[in-house]
Amino acid sequence: MKSRIAITAVLSLVGILLSAAPADAATSNDEYTAEIIGYASGIPFLVCQAHLNVRSSDGYVQGGFRSYDNTEVNLGIHRCIGWLERRSIKPGNSYGWTKVSNFYEVYNGSRWTGWHWNGDDAESRVCISDMDGPDAVCSTGHW
């Protein structure tokens, strides 16, 4: 626990010293959302976000992606890239996570994929990457 606090303190200090530092933490918030967080003066700010929508009437899924304007805290506006992935869990015919949508670039705004059939014995998730910062993160849950 002490090392975690020390690492957080060091990251906060680096954010203060660099003032316009790129996002330095990438985390999934819940089962249908992936977020990239940036820090300014030790305070976290949302930089990029992806969310999986599930249409209850037929099970189709859609990815939504957002980039936030954090210029007031010297984090700027980040270019984010989002996409939708699917994997099959069908016994004897499974495959790993595969991109099934285009890449969607967002810059201080929002974009959505079209609706995709999730399929039988399949799972979907959304992923997002900050072009100026850390590697991509994906939602932990799946439909």
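**Close-up A. Thr 98 and its backbone partner in strand S8**. In this predicted model, the side chain of Thr 98 comes to 3.0 Å from the backbone oxygen of Gly 96. Thr 98 sits in strand S8 and is partly exposed, its relative accessible area being 37%. Once residues up to four places away in sequence are set aside, Thr 98 touches Leu 84, Glu 85 and Arg 86. For Thr 98 and Arg 87, the C-alpha atoms are 6.2 Å apart in space, although 11 residues separate the two in sequence.

**Close-up B. Ser 88 in strand S7**. Here is a second side chain that reaches for the backbone: that of Ser 88 lies 3.2 Å from the backbone nitrogen of Lys 90. Ser 88 belongs to strand S7. Is Ser 88 buried or exposed? With a relative accessible area of 9%, which is under the 20% limit, Ser 88 is buried. Not counting neighbours within four places in sequence, the residues in contact with Ser 88 are Asn 93, Ser 94, Tyr 95, Asp 121 and Ala 122.

**Close-up C. The aromatic pair of Tyr 60 and Trp 117**. The model holds 3 aromatic pairs. In the one shown here, the ring centres of Tyr 60 and Trp 117 are 5.5 Å apart and the planes meet at 50 degrees, so the pair is tilted. This pair links distant parts of the chain, 57 residues apart. Tyr 60 is found in the loop between strand S3 (43–54) and strand S4 (61–67), while Trp 117 is found in the loop between strand S10 (110–112) and strand S11 (122–130). Tyr 60 counts as partly exposed at 29% relative accessibility, and Trp 117 is partly exposed as well, at 41%.

**Close-up D. Trp 83 and Phe 103, edge-to-face**. What are the distance and angle for Trp 83 and Phe 103? Their rings are 5.4 Å centre to centre, with 75 degrees between the planes. Trp 83 comes from strand S7 (residues 79–88), and Phe 103 from the loop between strand S8 (95–99) and strand S9 (104–107), so the pair ties together parts that are 20 residues apart in sequence. Trp 83 is buried, with a relative accessible area of 11%, whereas Phe 103 is partly exposed at 49%.

**Close-up E. Charged side chains over aromatic rings**. Phe 103 appears again, this time with Lys 99 over its face, at 4.4 Å from the ring centre. Arg 79 lies over the face of Tyr 107, and there the distance to the ring centre is 4.2 Å.

**Close-up F. The largest nonpolar core**. In soluble globular proteins, nonpolar side chains tend to be buried together. Which residues touch the most other members of the largest nonpolar core? Of its 15 residues, they are Cys 48, Ala 50, Phe 65, Val 126 and Ile 128. Strand S2 (33–40), S3, S4, S7, S9 and S11 each give two or more residues to this core, and S3 gives the most, with 4. For a look at one member, follow Ala 50: leaving aside neighbours within four places in sequence, Ala 50 is in contact with residues including Phe 65, Val 126 and Ile 128. Tyr 32, Thr 33, Ala 34, Gly 64 and Cys 127 are also among the contacts of Ala 50.

Terms used: Residues are numbered from 1 along each chain as its sequence is written. This is a predicted model: local features need pLDDT of at least 70, side-chain atom pairs count only at pLDDT 80 or more; totals for chains, interfaces and linings use all residues. Side-chain values use heavy atoms; hydrogens and water are left out. Rings of Phe, Tyr and Trp (its six-membered ring) pair if their centres lie within 6.5 Å; planes under 30 degrees apart count as stacked, over 60 as edge-to-face and the rest as tilted. Buried means under 20% relative accessible area, exposed over 50%, partly exposed in between (1.4 Å probe, protein chains only). A charge sits over a ring if NZ of Lys or CZ of Arg is within 6 Å of the ring centre and within 35 degrees of the ring normal. A polar contact is a pair of N or O atoms within 3.5 Å; within protein, one must be able to donate a hydrogen and the other to accept it, and residues adjacent in sequence count only if both atoms are side-chain atoms. Contact means heavy atoms within 4.5 Å. A nonpolar core is a set of buried Ala, Val, Leu, Ile, Met, Phe, Trp, Tyr and Cys residues joined through side-chain atoms within 4.5 Å.
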